[in-house]
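Colleague: I'm new to this one. Could you walk me through how to read a few of its features?
Modeller: Sure, let's open it up.

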2 protein chains.
Amino acid sequence: MNLTESIKRPSLHEELVERLRNLIVEDVLKPGIKVPEKELCDAFGVSRTPLREALKVLASEGLVELLANRGARVTRVTLEELENTFPVIAMLEQLAGERSCQNLSDAEIAGIQERHDAMVKAYKARDRKSYFQANQDIHNALIAGARNQILETHHRMLAARVRRARFMVNVSEDRWAEAIQEHEQMMEKLHARDATALGELMKSHLMNKCAAHVKSMVEAADDAAQS
Amino acid sequence: MNLTESIKRPSLHEELVERLRNLIVEDVLKPGIKVPEKELCDAFGVSRTPLREALKVLASEGLVELLANRGARVTRVTLEELENTFPVIAMLEQLAGERSCQNLSDAEIAGIQERHDAMVKAYKARDRKSYFQANQDIHNALIAGARNQILETHHRMLAARVRRARFMVNVSEDRWAEAIQEHEQMMEKLHARDATALGELMKSHLMNKCAAHVKSMVEAADDAAQS
DNA sequence: TGACTGAATTATGAATTCATAATTACACAA
DNA sequence: TTGTGTAATTATGAATTCATAATTCAGTCA
């Protein structure tokens with residue numbers, strides 16, 4: 001038991017980074033909008049100092065951009081950003097897949113299988129919200145299985161940027177079915193503890209997801225141009 | 001040409017992040033030492049506000065750790081950190097190698113060859129400083145060749161953490177020769193524009209470097225325990 | 001002498017203040 | 001009406017101030 005943990009009271013700025021990050025990732029703070037410090041201060045009931053510290057950290061993560069003397073704005077999720085971010089995440093997940101095969105206990109794998117079953121169930125019920133949550137749980141568990149704090153931190157930063165894209169895209173029915181297939185294969189290799197195969201699968205799974213997102217965004221842009 | 005760039009005057013906290021990061025990476029601010037805000041403020045001639053903002057950012061990059069109500073300290077480079085960081089960098093460099101083969105112009109490749117020749121020359125002269133600089137230039141050029149800002153940013157963050165380790169290790173003569181060999185092969189594949197091969201080579205090059213560092217650190221620890 | 005207590009000092013977390021850059025509002029001219 | 005220039009307002013960057021937690025150090029007592 002870690003005794004220091006129980007006393008730990010996160011500082012204001014840490015708390016703010018956490019909450020602001022969630023607001024951005026959950027699309028409450030919309031991309032492109034200015035983030036007036038005053039409003040946020042009032043909303044959170046803190047002074048500008050810790051809030052600005054938090055904004056600096058979020059800027060270094062790429063969730064907001066700081067314009068000199070003109071405050072912060074939530075960064076837009078651009079096509080270019082998606083095309084750049086997904087391949088990097090794909091490499092990290094490949095590594096995670098390899099290591100997870102070596103590190104995860106049978107019990108942990110059983111837990112992931114459980115989430116996988118829940119995900120398939122949500123897919124059949126077309127319950128996007130539950131599906132998304134289960135999917136995220138699975139990926140996070142496989143990342144955690146690498147037992148690598150650095151990998152985990154950077155994956156979280158990158159995933160946060162990309163996760164926002166789900167509010168912009170309409171993944172096709174076909175791609176959804178395909179993703180389920182890919183996850184089935186991943187579970188197979190995980191049970192077989194085939195590290196190389198799972199790594200490759202996770203990498204290509206992410207690259208396919210990237211292609212689907214890009215396709216969907218391009219189509220959305222075309223539609224917008226047409227109207 | 002980007003017109004906004006020319007006007008850009010970095011804010012104090014950006015400047016401070018940059019300078020502090022350099023001080024840490026260059027081992028001027030030694031791992032483990034406390035970093036009293038007052039001293040740094042006096043040294044840089046700024047008030048505590050921008051300095052603390054900079055520390056928050058550096059903490060999110062893992063170069064310093066913030067202890068509640070007890071200030072910041074430069075993080076130690078641990079064996080575990082190296083073993084976690086190198087594989088992640090290796091994955092990023094694999095991706096960079098693949099993409100660089102596709103993206104770099106002949107002129108850019110010629111420029112890298114030039115740095116490579118300089119590196120070999122420095123190796124033969126046993127000029128560690130020049131060798132290190134040329135080596136870093138080559139890796140940075142190959143990362144830049146991926147034309148991926150996300151990849152570049154995360155690579156820079158990870159490389160900063162690991163770069164500090166060079167002050168702790170004494171790489172063996174054998175490993176040094178081996179590293180040169182690996183770089184020769186990399187150049188070969190780069191000229192041939194064999195993306196997959198260069199990616200694999202860069203990945204294994206990094207993993208070998210990791211093994212060498214770990215070996216050296218373990219030996220250093222053993223020596224310390226003996227005396 | 002050495003360990004403990006508690007006041008004094010110091011350093012940090014956060015709020016406030018100040019200076020300045022950016023934005024807005026508005027008057028006036030074309 | 002539209003555009004331009006200037007004053008007023010607002011928001012930000014940075015310094016300063018304030019409150020509190022941590023540390024230091026002196027003094028006491030065993």
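Colleague: Which residues gather in a patch of negative charge on the surface?
Modeller: Keep in mind that this is a predicted model. The negative patch brings together Glu114(A), Asp117(A), Glu184(A) and Glu188(A). Helices α6 (106-124) and α9 (173-191) of chain A each supply at least two residues of the patch.

Colleague: Take Glu184(A): why does it count as partly exposed?
Modeller: Partly exposed lies between the cut-offs of 20% and 50% relative accessible area. Glu184(A), which sits in helix α9 of chain A, counts as partly exposed because its relative accessibility is 35%.

Colleague: And what about salt bridges?
Modeller: The general idea is that side chains of opposite charge can pair when their charged atoms come close. Here, a search of the whole structure turns up 34 salt bridges over all chains.

Colleague: Where does the pair of Lys56(A) and Glu53(B) cross?
Modeller: Those two side chains form a salt bridge at 3.9 Å, N to O. The pair crosses between chains, from helix α4 (residues 48-61) of chain A to helix α4 (residues 48-61) of chain B. Lys56(A) and Glu53(B) are both buried, and they belong to a salt-bridge network with Glu37(A), Arg48(A) and Arg52(A).

Colleague: Which distant parts of the chain does the pair Arg193(A) and Asp106(A) link?
Modeller: Their side chains meet in a salt bridge of 2.8 Å, N to O. Arg193(A) is in the loop between α9 and α10 (195-226) of chain A, while Asp106(A) is in helix α6, 87 residues apart. Asp106(A) is exposed, at 59% relative accessible area, and Arg193(A) is partly exposed, at 31%.

Methods:
Residues are numbered from 1 along each chain as its sequence is written. Chains are lettered from A and ligands numbered from 1 in the order in which they are written. This is a predicted model: local features need pLDDT of at least 70, side-chain atom pairs count only at pLDDT 80 or more; totals for chains, interfaces and linings use all residues. Side-chain values use heavy atoms; hydrogens and water are left out. Patches are made of residues with over 30% relative accessible area and no salt bridge: like charges are joined within 9 Å, nonpolar side chains (Val, Leu, Ile, Met, Phe, Trp, Tyr) within 5 Å. Accessible areas come from the Shrake-Rupley method with a 1.4 Å probe; for residues, only the protein chains shown count as cover. A salt bridge is a side-chain nitrogen of Lys or Arg within 4 Å of a carboxyl oxygen of Asp or Glu. Lys and Arg count as positive and Asp and Glu as negative; His and the chain ends are not counted. The place of a charge is taken as NZ of Lys, CZ of Arg, CG of Asp or CD of Glu. Helices (H or I, at least four residues) and strands (E, at least two) are DSSP runs, numbered from the N terminus. Buried means under 20% relative accessible area, exposed over 50%, partly exposed in between (1.4 Å probe, protein chains only).
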